[in-house]
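Biologist: I am new to this model and would be grateful for a close look at one part of it. Please begin with a single element and then set it in its surroundings.

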Amino acid sequence: MNEDRGHLDPAHQALREMLGALVLGHLTSAETDRVQAHLDGCAACRAELEEITPLAGLLGAVDPASFETPPTPPPGLGDAIRRQVAAERVARDDDELGARRDAARRARGRRTRLVAAAAVLAVVGVGAGLGLGRATAPSPPTVPMEQIRLAAAPGSGVTVDSAGLVNHTWGTELRIVGEGFHAGEVFHAEFRTADGELVPAGEFLGVGAATMTCNLQSAALRDAVTEVVILDEDGSAVASSAL
Ligand SMILES: [Zn+2]
C-alpha cells in the first residue's frame, strides 16, 4: 500500500488509533485480527507499533487513582505521543493564527471606517472654523455654472429666465429655469457637438405657466458642446443657444 494514501485512509486512521489498545491488550481477538491484518500491509502502522510497544509497560504501571492533578506527559514518554501532541498544537496554533488574522482584518476595517469618519469630522471642523471667522455661515460648495443665453423661439410661448452649463468630468449638465413649456408635452434638450452632430442631453415634461427648474445631463463633454437646443414633441426648436 502506498503510505501517503494510507495516511489519508479513514480505515488506516481508525486502526492506527487501536494500536495503543493493542499493546495494552485491550482489544478483542476480532479487533486484534483486524489490526494485525492492517499491520501486515502498512509499514507506517508497524513503525508506530514498534514505537509505542515499549510504553505499554509504563502505562500498565500507572494507577489512575494516584493522580492528584492531570498528568503531563514526561519527555521520555515516546516520540509518537509527542509528535501527536505537537501536531495538535500546530493545528491549534493554525486555528489561533487564523482567528487572530480574522480579528486583525476586522479591526483594520473598523480603523478604516473610523479614519474616514474622522476625516469627515475634520472637514466639518474646518468648515465650522472658517464660519466662525466670518460674519455669515459658509455656503455649501457650489459647482461653478457657466451662464448661457438660451433664446426662446418667437411664438413658442416659452420664457427662459436663466440657463447654464456645468462642466463635469463625466459630461455636461444643463440647468434651465423658465416657464411656458406646454403642460404635459415632452421636451428634448440636445447638444450640438464640435462635429455638428446633435446628441441627446435629456428630456423634461412641460408644466405650463408655472416656473420650472430642471437639470438635464449629457455624456457630451463641455468642450465639445457648441450649441444647446430645446425641441418640442414635433422636433421644432423652442429655444436655442449658440455658444
Ligand atoms: Zn496503517
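Modeller: In helix 5, the residues that count as buried (under 20% relative accessible area with a 1.4 Å probe, protein chains only) are Ala44, Cys45, Glu48, Leu49 and Ile52. Viewed along the axis of helix 5, these buried residues fall within an arc of 135° (taken over the directions from the axis to the C-beta atoms), so they line one face of the helix. Helices and strands here are DSSP runs of at least four residues (H or I) and at least two (E), numbered from the N terminus.

The model is predicted, so local features are reported at pLDDT of at least 70 and side-chain atom pairs at 80 or more, whereas totals for chains, interfaces and linings use all residues. Residues are numbered from 1 along each chain as written, and side-chain values use heavy atoms, without hydrogens or water.

One buried residue of helix 5, Cys45, also takes part in a metal site. The zinc ion has as its protein donors (N, O and S atoms within 2.8 Å, or 3.2 Å for Na, K and Ca) His12 through ND1, His38 through NE2, and Cys42 and Cys45 through SG. These donors lie 1.9 to 2.3 Å from the zinc ion. The 4 donor atoms subtend angles of 103 to 114° around the zinc ion, which makes the arrangement tetrahedral (all angles between 85 and 135 degrees). Along the chain, the spacing of the donors reads H-x25-H-x3-C-x2-C. Distant parts of the chain are thereby linked: His12 belongs to helix 2 (residues 10-17), and Cys42, 30 residues away, is in the loop between helix 4 (29-41) and helix 5 (43-52). His12 and Cys42 are both buried.

Beyond this site, the protein comprises 7 helices and 9 strands. Of its 243 residues, 28% count as buried. An open sheet is built from 5 strands in the order 2-9-8-5-6, with antiparallel pairing. Strand 2 (151-152) and strand 6 (198-205) are its edges, each pairing on one side only; strands are taken to pair when DSSP finds at least two bridges. Strand 2 is joined to strand 9 (residues 237-242) by 2 bridges, and the two run antiparallel. Ala151 has Ser240 of strand 9 as its bridge partner.

Another antiparallel pair is formed by strand 4 (residues 172-179) and strand 7, which 7 bridges join. In that pair, Leu174 stands opposite Leu216 of strand 7. Strand 7 has a covered face made up of Met212, Cys214, Leu216 and Ser218, while Thr213, Asn215 and Gln217 form its uncovered face.

The loop between strand 6 and strand 7 (212-218) holds Val207. Val207 counts as partly exposed because its relative accessibility is 42%. Leaving aside residues up to four places away in sequence, Val207 touches Phe181, His182, Ala183 and Met212, a contact being heavy atoms within 4.5 Å.

Confidence varies along the chain. The mean pLDDT (the predictor's confidence in each residue, from 0 to 100) is 76 for the protein, with 63% of residues at 70 or more. Confidence is lowest in helix 1 (residues 3-8), with a mean of 48, and highest in strand 2, at 94. For residues 1-6 the pLDDT is below 50, and this stretch has 6 contacts in the model beyond near neighbours in sequence. Residues 120-137 are likewise below 50, with 4 such contacts.

Definitions and conventions
Tetrahedral: all angles 85-135°; square planar, octahedral: opposite > 155°, others 65-115°. Buried < 20%, exposed > 50% of the residue type's maximum accessible area, 1.4 Å probe, protein only.
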